[in-house]
Amino acid sequence: MVSFVVPCFNEAANIAPLLAALDRVWATARQENPGLRGCEIVLVDDGSTDATWALIADAATRRPDTVAIRLSRNFGHQPALLAGLMAATGDAVISLDADLQDDIAVIPRMLAAHLRGDEIVFGVREDRSADTAFKRITAQGYYRLLAALGVDVLHNHADFRLMGRKSIEALRQHGEANLYLRGLIRSFGFRSSVVSYARLPRCRGESGYTLRRMLLLALDGITSFSVRPLRWIFYLGLVISVLAFGYILYAVFMALTGATVSGWASLVVSIYLIGGIQIMGIGILGEYLGRTYMETKRRPPFLIDEVQRHAKPGP
Ligand code: UDP
Ligand code: MG
């Protein structure tokens with residue numbers, strides 16, 4: 001069986017087009033791959049404030065293939081997606097956005113790759129011209145930064161992917177609180193392949209990803225896969241300490257030879273420089289410490305309030 005997992009946050013306007021599009025793509029997929037059996041659609045309402053829950057709960061009562069899960073509040077895209085992945089029962093689980101920005105027409109190709117033996121199939125955005133220039137530029141810079149930090153990232157892969165049972169179970173074993181699924185799943189190392197597509201404009205509604213959320217996700221991506229920033233601070237501190245030591249020798253020498261130095265400028269500059277570097281270092285330490293703190297609490301990344309399924313006809 002194939003599961004589709006869709007996190008939904010204030011996507012009321014997109015639910016009907018989404019279900020219609022999934023029905024179409026499933027029909028095509030079955031034509032192309034007659035080996036496919038049933039399918040299931042797992043819709044996760046991530047604490048929406050619009051009619052999203054009413055719509056997906058209604059879809060779940062009407063359609064036998066649809067399950068609606070309501071989280072107790074807004075947990076964010078990654079936890080909502082994880083909730084859906086954990087609830088999915090398919091042998092192949094495909095995650096996608098509710099706004100149909102990822103071209104689901106490539107799903108038959110993903111399934112074909114999976115049937116050929118690929119455990120994970122990553123969707124990669126070949127053409128991002130539908131995204132804003134700001135999003136494109138920041139994303140590009142971020143991928144570069146991650147690569148410099150030694151994180152193995154797949155450029156332009158978001159969370160549109162197919163995962164097999166093995167990788168879903170691997171994910172279940174991880175239990176991380178700071179989620180960066182695209183990085184985590186990549187690190188599993190199962191046999192995988194890539195299908196590329198053009199990123200489409202949002203079907204309807206507005207993006208739920210504010211700048212703040214993008215920044216938080218970006219930080220999770222860095223801190224959950226790399227400790228290099230900590231090491232960089234150590235090296236920086238080392239270099240500065242050596243320089244400062246040399247400067248002390250120089251100052252002592254100058255004092256002994258009687259040359260008076262009116263060192264106001266160098267004093268102020270060094271105080272600011274060292275102060276700045278220290279604060280930066282403490283800030284980076286704080287990022288890791290805070291995340292370690294959150295992980296040690298072992299809080300569940302999401303809480304389910306309600307699950308709606310098709311009412312099976314009685315015996
Ligand atoms: N989403 C979510 N919880 C949130 C924000 C977003 O479940 O707090 C869902 C949203 O409904 C969509 C997907 O995550 O299905 C991607 O979000 P969005 O389209 O807003 O992000 P963008 O495409 O702009 O990066
Ligand atoms: Mg979107």
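In what order do the eight strands of the open sheet lie, and what is the sense of the pairing? The order is 7-5-6-4-1-2-3-8, and the pairing is mixed. The model described here is predicted.

## Overall form

The protein chain contains 10 helices and eight strands. Its radius of gyration is 25 Å, whereas the globule rule gives 20 Å for 315 residues, so the chain is more spread out than a compact globule. Measured out along the principal axes, the C-alpha trace spans about 100 × 40 × 35 Å.

## Domains

The domain assignment divides the protein chain into two parts: domain 1, made of 2-206 + 299-308, and domain 2, covering 228-297. The centres of domain 1 and domain 2, taken over C-alpha atoms, are separated by 45 Å.

Contact between the domains involves six residues of domain 1 and five residues of domain 2. On the side of domain 1 that touches domain 2, two residues are nonpolar, two are polar and two are charged.

## The sheet

All eight strands belong to the open sheet. Strand 7 (192-198) and strand 8 (304-308) are the edge strands, each pairing on one side only. From one strand to the next, the twist averages 20°.

At one of these edges, strand 8 pairs with strand 3 (residues 66-71). The two run in the antiparallel sense, and four bridges join them. Leu71 has Ile304 of strand 8 standing opposite.

## Helices on the sheet

Helix 2 (residues 52-62) lies across four strands: strand 1, strand 2 (39-45), strand 3 and strand 8. Helix 2 runs at about 150° to strand 3.

Helix 3 also packs on the sheet. The strands that helix 3 touches are strand 1, strand 2, strand 3, strand 4 (92-95), strand 6 (157-164) and strand 8. The direction of helix 3 makes about 155° with that of strand 1.

## Ligand 1

Ligand 1 is surrounded by 16 residues, and the closest of them are Pro7, Phe9, Ala98, Ser207 and Gly208. Two elements give two or more residues to this shell, namely strand 1 (2-8) and helix 3 (77-87). By class, the shell around ligand 1 has six nonpolar residues, six polar residues and four charged residues.

How values were computed:
Residues are numbered from 1 along each chain as its sequence is written. Chains are lettered from A and ligands numbered from 1 in the order in which they are written. This is a predicted model: local features need pLDDT of at least 70, side-chain atom pairs count only at pLDDT 80 or more; totals for chains, interfaces and linings use all residues. A residue is near a molecule or strand if its C-beta atom, placed from the backbone, lies within 6 Å of it. Ala, Val, Leu, Ile, Met, Phe, Trp, Tyr, Cys and Pro count as nonpolar, Asp, Glu, Lys and Arg as charged, and the others, Gly among them, as polar. Domain bounds come from an automatic or database domain assignment. Two residues are in contact if their C-beta atoms, placed from the backbone, lie within 7 Å. Two strands pair if DSSP finds at least two bridges between them. Axes are lines fitted to C-alpha atoms, for helices over the stretch in contact, and angles run from 0 to 180 degrees between N-to-C directions. The radius of gyration is taken over C-alpha atoms; the globule rule is 2.2 Å times the number of residues to the power 0.38.
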